[in-house]
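Work through the exercises below with the model in view. Try each task before reading its solution.

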Amino acid sequence: MTPQARLLLDTATAAAKAGGEVLMSYFRQGVSIRCKNGESADLVSEADVNAEQAVIRVIHAAFPDHSILGEESATDTDPNLPALWVIDPLDGTTNFLHDVPHFAVSIGYYERGVPVCAVIWNPARGDLYTAFKGSGAQYNGRPIHVNTTDRLDQSLIGTGFHVVRDGKMRATLGAIEELFGENIHCIRRFGSAALDLCQVASGLYGAYFEYQLSAWDFAAGLLIVQEAGGKVTAATGTPLLLQKSSILASNGLLHPIMEEIVGKHFKTI
Ligand code: IPD
Ligand code: CA
Ligand code: CA
């Protein structure tokens, strides 16, 4: 790894840990909840906002000129900027606010739309997932890989529900029903898209899909899955762009069958 690559990865890791420290200072302390965008299930707390500030401080100390796209604050929304950090300071907000220790700080670094470096940190469990373009993916420093099954009837599949409970939810439930018809081992909905992508990268899920995410939900996880040998696209198999999108991540072998089922239900939305 070059010194610049090392600096990027170390900075992303230090930033994620700084954000995680802020989150842990609020976790299980009775944080007050606000609803976002008029949606009763779209939750935000003081913890999200302060964690994002801590993340940005660390990044800007190392790279003062770099651009930031953060869920709670900054708005450098052009995905093709030469040096862009995409931050979700708290992915798994609903878990966090209900005292469930399954949430993460997610940080992806992009150069002109290309994912270069990624860190996802669950501070409650001490789980660190990292990736650098061309250098593989790691869990707590050890290499991770997607699993190698091409059979749905040997697979655990992850999913998630968008906060707006409209056609996307009906389509998700339809896809789940069809997947059960294929005898999948089971469905998991753990509540953090970033960590769901890490489960694919680690070989726990054969695949994961969701019908609407924002760029910060998957910016880091996308590279972690790719570097672990998996494939990530939009639900219908088209390339995943750094913007609001559906997502399908898999071990690669399950991609065609998942694309057929998940893509078909996506088209009903
Ligand atoms: C949410 C989580 C959840 C997914 C939602 C996301 P947040 O992010 O990733 O798993 O199903 O679509 O919005 O709100 O916890 O940052
Ligand atoms: Ca999120
Ligand atoms: Ca969030």
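## Exercise 1: a calcium site

D217 is buried, at a relative accessible area of 12%. Buried means under 20% relative accessible area, exposed over 50%, and partly exposed in between (1.4 Å probe, protein chains only). The model is predicted: local features need pLDDT of at least 70, side-chain atom pairs count only at pLDDT 80 or more, and totals for chains, interfaces and linings use all residues. Residues are numbered from 1 along each chain as its sequence is written, chains are lettered from A and ligands numbered from 1 in the order in which they are written, and side-chain values use heavy atoms, with hydrogens and water left out.

**Task.** Which residues are the protein donors of the calcium ion (ligand 2)?

**Solution.**
1. Donors are N, O and S atoms within 2.8 Å of the metal (3.2 Å for Na, K and Ca); water is not among the atoms, so sites may look incomplete.
2. D88 (OD), D91 (OD) and D217 (OD) lie 2.0 to 2.2 Å from the ion.
3. Their spacing along the chain is D-x2-D-x125-D.
4. D91 sits in strand β4 (residues 84–91) and D217 in helix α6 (residues 215–227), 126 residues apart, so the pair links distant parts of the chain. Helices (H or I, at least four residues) and strands (E, at least two) are DSSP runs, numbered from the N terminus.
5. D91 is buried, at 6%.

## Exercise 2: one glutamine

**Task.** Is Q138 buried or exposed?

**Solution.**
1. Find Q138 in strand β8 (residues 137–139).
2. Q138 counts as buried because its relative accessibility is 17%.
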